[in-house]
Amino acid sequence: AISLDWNDRAVSMIVESRPATVWQGINTNVNFNPARTGKGYVGVPDANAGFGAGELLLFGGPGTKTSLWAGANRSVTLATDGNVGIGTEEPISKLHILSGANELPPRLETTPGNSGHFAAGWDFYPEGTPKGYVGVPDAGAPFGAGEMMLLGATGTKTSLWAGYNRG
């Protein structure tokens, strides 16, 4: 077992191999346990864990927001309510993408060679029912290939609005 304390907040990292238990299996795992409060875990739980068995988990304990950092910058935040933020540490919806000043907007891109699909866009399914699509269908799509499209599904009224006024 290895234990490291790396700052005055007494944050410790424990790396150890243990016999099969609810949390560890026979794998090497990393526990983040400041002041023994169980703030996080990285590892592969065994079949008795009750969740994530056999999966590589990055686990934030109860009340612990989980973030991925790249280049000393927060890249992705997983909030405790299940919201995911890219470019924001306080996501307010299931997927919240924040582009900074002078950054390119989010991008949807398909690989060359797709045909018959509507892959470069967003589908809208309120309450599980297909209602619409915004995007650019691939070359082999049955209609609208290569066009920027706002499509309302059959029976769905489709409108354009500007300044809270129907256009």
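Trp69 stands opposite Arg74 in strand E7. That pair belongs to the ladder between strand E6 (residues 66–70) and strand E7 (residues 73–78), where 5 bridges join two antiparallel strands. The model is a predicted one. The chain has 14 strands and 0 helices. Two of its sheets and one pocket are covered below.

**Chain overview**
- From the N terminus on, the elements read β-β-β-β-β-β-β-β-β-β-β-β-β-β.
- The chain has 167 residues, and 23% of them count as buried.
- Take the contacts between residues at least 6 apart in sequence: 10% of these join residues at least 24 apart.

**The four-stranded sheet, E6 to E9**
- This sheet is open, and 4 strands form it in the order E6-E7-E8-E9.
- Its pairing is mixed.
- E6 and strand E9 (95–97) are the edge strands; each has a single partner strand, so one side of each has no neighbour in the sheet.
- Ignoring direction, neighbouring strands here are turned by 20° against each other on average.
- Strands of a sheet pair through backbone hydrogen bonds, in either a parallel or an antiparallel way.

**Pairs and turns within that sheet**
- E6 and E7 make a hairpin, with 2 residues between the strands.
- Gly71 sits in the turn of the E6–E7 hairpin and has a positive phi of about 60°.
- E7 also pairs with strand E8 (residues 84–86): 3 bridges join them, and the two strands run antiparallel.
- In the E7–E8 pair, Thr77 stands opposite Gly85 in E8.
- E7 and E8 form a hairpin too, this one with 5 residues between the strands.
- Gly82 lies in the turn of the E7–E8 hairpin, with a positive phi of about 95°.
- E8 and E9 run parallel and are joined by 3 bridges.
- On the E8–E9 side, the bridge partner of Ile86 is Ile97 in E9.

**The three-stranded sheet, E10 to E12**
- Here 3 strands form an open sheet in the order E10-E11-E12.
- The pairing in this sheet is antiparallel.
- Strand E10 (120–124) and strand E12 (149–152) are the edges, and each pairs on one side only.
- From one strand to the next, the twist averages 10°.
- E10 and strand E11 (residues 132–136) run antiparallel, with 5 bridges between them.
- Gly121 stands opposite Gly135 in E11.

**The second largest pocket**
- The second largest pocket has a volume of about 160 Å³.
- It is lined by 11 residues; the closest to its centre are Asp123, Pro130, Gly132, Tyr133 and Leu151.
- E10, E11 and E12 are the elements that give two or more residues to the lining of this pocket.
- Those strands also form the open antiparallel sheet described above.
- By class, the lining holds 7 nonpolar, 2 polar and 2 charged residues.
- Rolling a probe the size of a water molecule over the atoms shows where empty space is left.

How values were computed:
Residues are numbered from 1 along each chain as its sequence is written. This is a predicted model: local features need pLDDT of at least 70, side-chain atom pairs count only at pLDDT 80 or more; totals for chains, interfaces and linings use all residues. Side-chain values use heavy atoms; hydrogens and water are left out. Two strands pair if DSSP finds at least two bridges between them. Axes are lines fitted to C-alpha atoms, for helices over the stretch in contact, and angles run from 0 to 180 degrees between N-to-C directions. On a 1 Å grid over the protein atoms alone, a cavity is a set of points where a 1.4 Å probe fits but cannot get out, and a pocket is an open set with protein on both sides within 12 Å along at least five of seven lines; lining residues have an atom within 4 Å of a point. Grid points are joined across faces, edges and corners, and a volume is the space filled by probe spheres set on the points. Ala, Val, Leu, Ile, Met, Phe, Trp, Tyr, Cys and Pro count as nonpolar, Asp, Glu, Lys and Arg as charged, and the others, Gly among them, as polar. Buried means under 20% relative accessible area, exposed over 50%, partly exposed in between (1.4 Å probe, protein chains only). Contact means heavy atoms within 4.5 Å.
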